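Grab a coffee and work through these exercises with the model open beside you. Each one sets a task and then walks through a solution.

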Amino acid sequence: MRAVPTWVDKVHDRDKVEQCIYDLCFRPDGSQLIVAAGNRVLVYDTTDGALVQPLKGHKEAVYCVGYSKDGKRFASGSADKSVIIWTSKLEGILKYSHNDAIQCLAYNPVSHQLASCALSDFGLWSPEQKSVQKHKSTSRICCCAWTNDGVYLALGLANGVVSIRSKVGEEKMRIERPGGINSPIWSLAWNPSKDEPVDVLCVADWGQNLSFYTLSGKQVGKERVLGFDPCCVSYFSKGEYILVGGSNKACLLYTREGVKLGTIGEQSSWVWCCAARPDSNFVAIGCQDGTIAYYQLIFSTVHGLYKERYAFRENMTDVIIQHLITEQKVRIKCRDLVKKIAIYKHRLAVQLPERIIIYELYSQDASDMHYRVREKINQRLECNLLVVCTNHIVLCQEKRLQCLNFVGNKEREWQMDSLIRYIKVVGGPASREGLLLGLKNGQVLKIFLDNAFPVPLLKVPSAIRCLDLSSSRQKLAVVDEHSTLLVYDVKTSEMLFQEPNANSVAWNTSCEDMLCFSGSNTLNIKASNFPTHQQKLQGFVVGFSGSKIFCLHIYSMSTIEVPQSAPMYQYLDKKMFREAYEIACLGVTDGDWEALAKAALEGLEYNIGKKAFTRVKNLRYLELIHSIEDRQHKGEVDNNLFLADILAYEGKFSEAAKLYHRCGKDQAAMNMYTDLRMFDLAQEYLGSDETVDRKQLIRKKADWARNINEPRAAAEMYLSAGETHKAIEIMGENGWVDMLLDVGRKTDKADRQTLNLCAEHLRRLNSLTYAAEMYKKMGEMQSVIELYVEVQDWEEAFVWAEKHPEYRQLVYVPYATSLAEQDKFLQAQKAFHKAGKPEEAFRVLEQLTMNAVNENRFDDAGYYFWMLAMQCLDLAAENLKRVDKENIQYINIEEEYSAMMAKFSDYQKKASMYYVYHTIQRYMDEPFTAYMPEALFNISRFLMHELMTAQPTGISKFSTLYTLSKQARNLEAYKLARYVLDKLQALRIPQRFQEDVELAALKIRAKPFHDNEEHQPLCYRCSTTNPLINNNGNQCVNCCHAFVYSFVSFEILPVVEFVLEEGLSDEDALHLIQQSGGSDSRNGNDTKAGAYDEEEDNHWKRSDSGTAEALTLDGSPTHAEPSDDPFTANLMNFYGGSEYQPVTVGRKALIAMEPHDVIVCRWPKPLRFQYYKNFMPDMPITLCVHCNKMFHTDDYTLQVLQKGHCPFCRTPIGDTSDNNND
């Protein structure tokens, strides 16, 4: 580091009395220097030291000045107790005063608030405030400084205390220092660096110490002893260095940790103030005797380079090792002034003022960047140049060289005849390395560490500035003081060539014949004896490795990637392919590799070409080279033929064709031109077998026409070349039906492949008639039928199926599947039956049923289960017909029949349960319901009894019981409600119903333990009143007669089932019932049984009672007495037990019945009819003749009006009278 004086001025008053410079500061842009000199404020131009203007406004000595960060204003404070605010145009705009002399000033770097400190108080002023806020201090204030963020103000007090204040003047922290009153704080400053994690305060006291503290009062690092009384301390603008001046009559430069680096300028009196110009290396100093000195600091470059590792000094005390290839960096903090740096292989030597430290890498890995201390030489050694080797260091001092081991012992010394200008380690075994020396007298020497005698290599006419030895040590490059580059052969000392305008030179470590040199802002690259290649470059070349050049510009080292294209092409021009490949390996572009590969291939250098094409991953050319080498192995030796192939690959078709012709390979030329679609040129090379070649030419021409989107021309060419199938493909792709039909009609019917191809394309193009024509021509009737089925033209398909019954299944199975997908299950069932696939219809319907259950569509599920039940009944009837028809007992058929009947019963039950559960689900999910509480009560009770024997998928037992419990409580069926709630407690209850169920279970305990009798079901056979909870299910507890429910309100209907006695068929029974009613129709709408005699029409009734006869007026028809009715007599003919004993009726009883009292469920075969007698004829009951479910007529009529069909089986009702049985 050197300090160069830029300008100096000395301030006197009118009487020539020296004026003390108490303070100075820079304008933020560095253009002006503000100086407190005597009772004036002086403004200097920093460029040449000219006085811009003296400012007068103070009556006594000015002690302090300060500039705001925004550059708009500055302030001055004086012994006259006043503070003046000046603008950047040097105009005074404001003046305010304190009670004592002003000691220091500081502008807030963020808010531009001014802190002015007097002896006993300090004030805070900002442009927005009208008055100055003042705060008292317990001790004299000597100095002040704001933190970087402008939040806190540090005050240095005469009692040795540092007081940290907020922006409003409140004390936030107090730093008590060890010296106390004996160490007054004379100067302090905050580090302005933005890289520091915390704010660091530098404190200089008159205890002659330099200390560092954080904002919290914690000391940073150790206290530095100055040895003099400091009067001022100041940071550089980036915080890397500290300036300190005082009673030592000099300004010293320190690191930010307080390590002394050197002296900037020695003066003849105390230095009262010093400051660094913002963002530059200029320093201003103010002295007691009025001297103002302005210095420029020049930091010399201390660095070392070995191959791609570059070590340099930063901030004077740190060493940075940079890997120039990977850009990795590592920092070594030496905490002392770094004077010299040397690096070699895995060694690093750093010279400090009092010692030399030797570092080594942790490992031998080329990419390792971690260093550790190997040795320390604790000696003060002076040298101009420092070199480190494996086990030694070499010190160069003018003419003398000293070799020291790592312990510090001198092992060898050499004395030269002239000054040593350049020294470089050129490698060698450990402890025997060689050093290359360049002397001022032009001599070049080589020294080995184990040899006391230097080896002269050669001598140049003038002093040596730089030199380098090639990687093979056979060539030496020297740059002399006349900027001339001289290259010599080391063995013969013969000069090979010379180049002007060179200031540094470096051989390429990867190529013996290549070097680079710099000079006149130009980079020159020279290969062998070829002309140099130049490009712009600032700086000095210090290394050259492969395609990377290491350049030092001012203080920074940079790596420049230089493609070696120019020297490579120089070698290519001379057909020196091997040398060109070596240059390319150093680093060229992909285009250069391509050029090298093609040039080598044309020169028949296949090995070089293969390597080059591999680098650019050109598989096409690699395949060509492989085929050429393969042909060479097989004995081909005609290089012209190989060259023709190469030229064809490179696009030089004319030259390639001529070479093919010269070699007698006209066929190859023709193939080349046809591949290129140059058919006119290809015809020039037709061979002897012209017909075959011409067809081949037409075929390729057709391929080309197809590729260029000329399909019609291509199709015609394919037809003329005999490629019919390719022509058909093109016609099909473009939808040319007429051409396809023409080809198909001209094709012989024996050529089935061509006809089939035409038919397929016509089929795809929806030309069904023409496609059918092709299939008929081939005799493929099955394909014709499949064609109509595919497009779902069912009418045509049915016509062809009738003509060819063997293909009926091909038509009806897809037709039935289509109908099933459209929910047309009855039509689908008929279609499957026609196709002989009843099981398929059953399977589709079963799948739909399961889907409805899984999707919670329970009304649909009930409907589908009813359809499944009827389907099972149909299948069972089919099985029974097969047995009767063939008159043979088949065990398997009987088993199938039994299985189907079991399924019928199961599906009927599930249909009823899902039908019922749909109502419960809607009640649970929807806020309102159209059902009365009695209906919900009956429905949920019915389903609860059904769930005792079956648990279908999707039906929630909880929902059923919850609905029942709620309606039971509403209808005062408390015993039932308690029973159901107990059952609910054993189930998993949904979270939203948990509280409701628990509360109901508690409340029910307060109700009486019995049920309302009006809701208890009555058995119309045995007149037994049944409990609401029936473990037998939906049947009487006494006679086991199954209750018959109205399938809307689920009230028990007043009907009793009866069966026919043996030997009485259903047809006979119906005949007898109708006979008893005369001409009355079973399905009539009249609610009366028939026509009565005139006496009955007048409602008169005659009766015998003993010996008396009586006529009574009665509004109802005559009915037989119970004792005279055979049916009533049979009602009670049952015995107690768990098995149901039906009422059996004979001919006499049937004749005695009124037709309108009998309800007949006419089940299809193989089931028998079911007969019921209505015991309350005044209650109209409707029977659905499709599903055989019974309803209250009013309920049924309402449902039909709402939905248009039966609520259970969904059969549309055209005339509701068909379903009435009154």
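**Exercise 1. Find the surroundings of L976, then place this residue in its core.**

Solution. Bear in mind throughout that this is a predicted model.

Step 1. Select L976 and leave aside its neighbours within four places in sequence; the contacts that remain are F937, L964, A968, D1011, L1028 and I1029.

Step 2. Now look for a second, separate group: a core of 50 residues lies apart, and V330, I332, M369 and L386 are among its members.

Step 3. Return to L976 and widen the view. The largest nonpolar core has 90 residues, and L976 is one of the five that touch the most other members, along with W866, F904, M1190 and F1208. The element that gives the most to this core is helix 21, residues 858-886, with 14 residues.

Step 4. Add the general background: in soluble globular proteins, nonpolar side chains tend to be buried together.

**Exercise 2. Decide whether L740 is buried or exposed, and list what surrounds this residue.**

Solution.

Step 1. Locate the residue: L740 belongs to helix 13, which covers residues 737-746.

Step 2. Check the accessible area. The relative value for L740 is 0%, and the cut-off for buried is under 20%, so L740 is buried.

Step 3. List the contacts, again without residues up to four places away in sequence: L740 touches I728, M731, G732, C758, H761, L762 and L765.

Step 4. Take one of these partners and check the backbone spacing. H761 is 21 residues from L740 along the chain, and their C-alpha atoms are separated by 8.1 Å.

**Exercise 3. Work out which residues S470 meets, and through which atoms.**

Solution.

Step 1. Place S470 in the fold: this serine sits in the loop that links strand 45 (464-469) and strand 46 (475-480).

Step 2. Test for burial. With a relative accessible area of 3%, S470 falls under the 20% cut-off and therefore counts as buried.

Step 3. Collect the contacts beyond four places in sequence: they are K475, W507 and E512.

Step 4. Look for polar partners. The side chains of S470 and E512 are joined by a polar contact of 3.0 Å. A polar atom of the S470 side chain also lies 3.3 Å from the backbone nitrogen of Q474.

**Exercise 4. Trace strand 46 and its two hairpins.**

Solution.

Step 1. Start on the strand 45 side. Strand 45 and strand 46 run antiparallel and are joined by five bridges. One pair to find is L469 with its bridge partner L476 in strand 46.

Step 2. Inspect the turn of this hairpin: five residues lie between the two strands, and R473 has a positive phi of about 60°.

Step 3. Cross to the other neighbour. Strand 46 is also joined by five bridges to strand 47, residues 485-489, again in an antiparallel arrangement. Here V479 stands opposite L485.

Step 4. Inspect the second turn. This hairpin has four residues between its strands, and S483 takes a positive phi near 60°.

Step 5. Sort the side chains by direction. In a regular strand the side chains alternate between the two faces of the sheet. In strand 46, K475, A477 and V479 point one way, while L476, V478 and D480 point the other way. Both sets are buried, and six of the six residues of the strand are accounted for as buried.

**Exercise 5. Give the strand order of the sheet that contains strand 1, and describe one of its edges.**

Solution.

Step 1. Read the order across the sheet: four strands form an open, antiparallel sheet in the order 1-28-27-26.

Step 2. Identify the edges. Strand 1 (2-10) and strand 26 (271-276) each pair on one side only.

Step 3. Follow the twist, which averages 20° from one strand to the next.

Step 4. Examine the strand 26 edge. Five bridges connect strand 26 to strand 27 (residues 282-287), and A276 stands opposite V283. The hairpin between them has five residues between the strands, with D279 at a positive phi near 55°.

Step 5. Check how covered this edge strand is: six of the six residues of strand 26 are buried.

Notes:
Residues numbered from 1 in each chain as written. Predicted model: local features only at pLDDT ≥ 70, side-chain atom pairs only at ≥ 80, totals over all residues. Heavy atoms only, no water. Buried < 20%, exposed > 50% of the residue type's maximum accessible area, 1.4 Å probe, protein only. Polar contact = N/O pair within 3.5 Å; in protein donor to acceptor, adjacent residues only side chain to side chain. Contact = heavy atoms within 4.5 Å. Pairing = 2+ DSSP bridges. Core = buried A, V, L, I, M, F, W, Y, C linked by side-chain atoms within 4.5 Å. Axes fitted to C-alpha atoms, helices over the stretch in contact; angles between N-to-C directions.
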